[in-house]
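Me: Could you walk me through this protein model, one question at a time? I'm new to this, so keep it simple.

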Amino acid sequence: MFPLFLVSHVHHAGRPAAEHFAILLDSLTLPGVDVRLISADAHQGRGSARWLDVELYATKGHGYPEADTTDALDAVALTLDVITGHEVKGFGSVGGGALATSHAIREGLALSLRLDVEAHARSLTGSRFRLDDREPRPAEALAA
């Protein structure tokens, strides 16, 4: 087993998909909770593994001191279902995902998600973000 490492790190390739996710999540949370996209970075690992690391903030809106920001956690699963299949232009399509971490921040929660990307979409022919199809080298070759 070889450790996963980044072959390429394509900043912001998935930003439109992440913005769509944030808008959907914001629409599903209770009034008084604002969901804001903080970052969306696209990654490719060894072989065909691709994913988006997305960070969002769910915070109490102005004038809603009693808003429950944990409502955003409940809406993540539904939002993941809705965004599955969404095209990440030039990179693939969202094949699913999961909440990686969540932690408290001032006035709310920080949510980190990993969206898995399927890169076999027809629209990727000739893509500038091509998959790295090199085979992993044996450990002996790496040590040499």
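Here are some questions and answers on the fold, the core and a few single residues.

Me: Before we start, what should I know about the numbering and the model?
Reply: Residues are numbered from 1 along each chain as its sequence is written, and side-chain values use heavy atoms, with hydrogens and water left out. This is a predicted model, where local features need pLDDT of at least 70 and side-chain atom pairs count only at pLDDT 80 or more, while totals for chains, interfaces and linings use all residues.

Me: In what order do the elements of the chain run from the N terminus?
Reply: Helices (H or I, at least four residues) and strands (E, at least two) are DSSP runs, numbered from the N terminus. The chain has six strands and three helices. Read from the N terminus, they go β-α-β-β-α-β-β-β-α.

Me: How much of the chain counts as buried?
Reply: Buried means under 20% relative accessible area, exposed means over 50%, and partly exposed is in between (1.4 Å probe, protein chains only). The chain has 144 residues, and the buried share is 39%.

Me: Which residues have the most contacts inside the largest nonpolar core?
Reply: A nonpolar core is a set of buried Ala, Val, Leu, Ile, Met, Phe, Trp, Tyr and Cys residues joined through side-chain atoms within 4.5 Å. The largest one has 28 residues. H1, E2 (33-44), E3, H2 (71-83) and E6 each supply at least two of them. The residues with the most contacts inside this core are Phe21, Leu25, Leu52 and Leu56.

Me: Which residues does Leu25 touch?
Reply: Touching is a contact here, which means heavy atoms within 4.5 Å. Leave out residues up to four places away in sequence, and the list for Leu25 is Val35, Leu56, Ala72, Ala75, Val76, Thr79 and Leu111.

Me: Which strands are joined to E6 by bridges?
Reply: Two strands pair if DSSP finds at least two bridges between them. E3 (residues 50-60) runs antiparallel to E6, with 10 bridges. E5 (residues 92-105) is also antiparallel to E6, with 11 bridges. So, by that pairing rule, the partners of E6 here are E3 and E5.

Me: Is Ser112 buried or exposed?
Reply: Ser112 lies in E6, a strand (residues 108-118) with eight of its 11 residues buried. Glu55 stands opposite Ser112, and so does Thr101. Ser112 has 19% relative accessibility, so it counts as buried.

Me: Which residue in the hairpin of E5 and E6 takes a positive phi?
Reply: This hairpin has two residues between the strands. The phi in question is near 70 degrees, and it belongs to Glu107.

Me: Which residue meets Glu19 in a salt bridge?
Reply: A salt bridge is a side-chain nitrogen of Lys or Arg within 4 Å of a carboxyl oxygen of Asp or Glu. The structure holds two of them. The partner of Glu19 sits four residues apart from it in H1, about one turn of the helix. With 3.5 Å from N to O, that partner is Arg15.

Me: And which residue forms a salt bridge with Arg114?
Reply: Arg114 counts as partly exposed because its relative accessibility is 34%. Its closest N and O atoms in the bridge are 3.6 Å apart, and the partner is Asp116.
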